[in-house]
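This report is a short introduction for a reader who has not seen the structure before. Please look at the sequence and the model, then read on.

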Amino acid sequence: MDRNADLGVTWVHSYVSDDKRKTFCIYDGPTPEAIRQAAERNGLPVDQVSKVSVLDPYFYK
């Protein structure tokens, strides 16, 4: 969303649980606070922000 651009935050994709009661959203951003600010602007709740890394199978060869 354009509301995220000035914070440097980009939505990547989301997952929803089978019972559709929980969603897990993946965002790329410079800081956890920037991601929280973007969520607040968009009226989205944030329970937790965790830093993750992509596992590249070619890295471990």
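Which elements each supply at least two residues of the lining of the largest pocket? They are β2 and α2. The model is a predicted one, and the sections below take up its pocket, a surface patch, a salt bridge and a backbone angle.

## The largest pocket

The volume of the largest pocket is about 990 Å³. It is lined by 25 residues, and those closest to its centre are C25, I26, Q48, V49 and S50.

Strand β2 contributes the most to this lining, with six residues. By type, the lining residues are 15 nonpolar, six polar and four charged.

## A nonpolar patch on the surface

Four residues, V12, Y15, F24 and I26, make a nonpolar surface patch of about 370 Å². Two elements, β1 and β2, give two or more residues to the patch. I26 belongs to this patch and is also among the residues closest to the centre of the largest pocket.

Y15 lies in strand β1. Is Y15 buried or exposed? Neither word applies, because its relative accessible area is 48%, and a residue must be under 20% to be buried and over 50% to be exposed. Y15 therefore counts as partly exposed.

## The salt bridge

How many salt bridges does the model have? The count is one. The partners are D6 and R41, whose closest N and O atoms are 2.6 Å apart. This pair links distant parts of the chain, with the two positions 35 residues apart in numbering. D6 sits in the loop between α1 (2-5) and β1 (10-16), while R41 is in helix α2, which covers residues 32-41.

The two partners can also be described by their accessibility. D6 is exposed, because its relative accessible area of 59% is over the 50% cut-off. R41 has a relative accessibility of 39% and so counts as partly exposed.

## A positive phi at K20

Most residues other than glycine have a negative phi. K20 is not a glycine, yet its phi is positive, at about 60 degrees.

Where is K20 found? K20 is in the loop between β1 and β2, the latter spanning residues 23-28. With a relative accessible area of 67%, K20 is exposed, since that value is over 50%.

Definitions and conventions: Residues are numbered from 1 along each chain as its sequence is written. This is a predicted model: local features need pLDDT of at least 70, side-chain atom pairs count only at pLDDT 80 or more; totals for chains, interfaces and linings use all residues. Side-chain values use heavy atoms; hydrogens and water are left out. A salt bridge is a side-chain nitrogen of Lys or Arg within 4 Å of a carboxyl oxygen of Asp or Glu. Helices (H or I, at least four residues) and strands (E, at least two) are DSSP runs, numbered from the N terminus. Buried means under 20% relative accessible area, exposed over 50%, partly exposed in between (1.4 Å probe, protein chains only). Patches are made of residues with over 30% relative accessible area and no salt bridge: like charges are joined within 9 Å, nonpolar side chains (Val, Leu, Ile, Met, Phe, Trp, Tyr) within 5 Å. Accessible areas come from the Shrake-Rupley method with a 1.4 Å probe; for residues, only the protein chains shown count as cover. On a 1 Å grid over the protein atoms alone, a cavity is a set of points where a 1.4 Å probe fits but cannot get out, and a pocket is an open set with protein on both sides within 12 Å along at least five of seven lines; lining residues have an atom within 4 Å of a point. Grid points are joined across faces, edges and corners, and a volume is the space filled by probe spheres set on the points. Ala, Val, Leu, Ile, Met, Phe, Trp, Tyr, Cys and Pro count as nonpolar, Asp, Glu, Lys and Arg as charged, and the others, Gly among them, as polar.
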